[in-house]
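Here is a short briefing on one protein chain. Look at the structure first, then read the points below.

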Amino acid sequence: MAQDRAMDAVQAHFEHVNWRATVGVCHVDDAFVWTCHVDGRTYAGPDGYATYLDNWRRAFPDCWYEVQSFAVAGPVVICQLMLRGAHRGLLETAFGLIAATGKPVDLPVCEIYRTCEGRLIAIESYFDLATLVRQLGRCPEYRLQPLQMLLMN
């Protein structure tokens, strides 16, 4: 039963993201915390939930989550996702702003959802920022010199 309620909360989150809902976060607890482990920032409460999503929606207005796999353990759901969309707006990161590139992204994401009584109380997000920046064409090109034989004396 706890697993069903946990999945209901996570499903409501996916619907909120994929259908770009702008109101009604009844699936989010008042004590909710979203932690983005990529840059160490946290977002608290329903307003924090909306702020985190607004940043992504501004940068990727057509973005959606595609679930790759998930595991449920009582009130905890772990999902491997693919965030898909085109970069059409300003993306705010802890490392600076990235202007729109128009490029599509397929960003692998892992999220851990913690629930209580059918509502989200926490999300922990993990993704590789270098993969995102590379897909946006904003990663510097590093060219290594051809290897030369090293002689040891």
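Begin with one residue: Arg 119 is partly exposed, at a relative accessible area of 29%. The model shown here is predicted. Arg 119 has a charged partner, Asp 29, and their side chains form a salt bridge. That pair is a good way into the rest of the chain.

**The Asp 29–Arg 119 pair**
- The N to O distance between the two side chains is 3.9 Å. The cut-off for a salt bridge is 4 Å, so this pair counts as one.
- Asp 29 sits in strand 1, which covers residues 28–36.
- Arg 119 sits in strand 8, which covers residues 119–127.
- The two residues are 90 apart in sequence, so their salt bridge ties together separate parts of the chain.
- Asp 29 is partly exposed too, with a relative accessible area of 22%.
- Side chains of opposite charge can pair when their charged atoms come close.

**The Glu 66–Arg 84 pair**
- A salt bridge joins the side chains of Glu 66 and Arg 84, at 3.1 Å from N to O.
- This pair also links distant parts of the chain, with the two positions 18 residues apart in sequence numbering.
- Glu 66 belongs to strand 3 (residues 64–73), and Arg 84 belongs to strand 4 (residues 76–86).
- Are these two partners buried or exposed? Glu 66 is partly exposed, at 31% relative accessibility. Arg 84 is buried, at 18%. The cut-off for buried is under 20%, so Arg 84 falls inside it.

**A shared network**
- Salt bridges with shared partners connect Asp 39, Arg 41, Arg 58 and Glu 92 in one network.
- One of its links runs between the side chains of Asp 39 and Arg 41, at 3.0 Å from N to O.
- Arg 41 is partly exposed, with a relative accessible area of 21%.
- How many salt bridges does the whole structure hold? The search finds seven.

**The whole chain**
- The protein chain has three helices and eight strands.
- Read from the N terminus, the order is α-β-β-α-β-β-β-β-β-β-α.
- The chain has 153 residues, and 39% of them are buried.
- Take the contacts between residues at least 6 apart in sequence: 59% of these join residues at least 24 apart.
- The chain exposes about 9,100 Å². Carbon and sulfur atoms supply 57% of that area.

How values were computed
Residues numbered from 1 in each chain as written. Predicted model: local features only at pLDDT ≥ 70, side-chain atom pairs only at ≥ 80, totals over all residues. Heavy atoms only, no water. Helix = DSSP H or I, 4+ residues; strand = E, 2+ residues; numbered from the N terminus. Buried < 20%, exposed > 50% of the residue type's maximum accessible area, 1.4 Å probe, protein only. Contact = heavy atoms within 4.5 Å. Areas by Shrake-Rupley, 256 points an atom, 1.4 Å probe, with all protein chains shown as cover.
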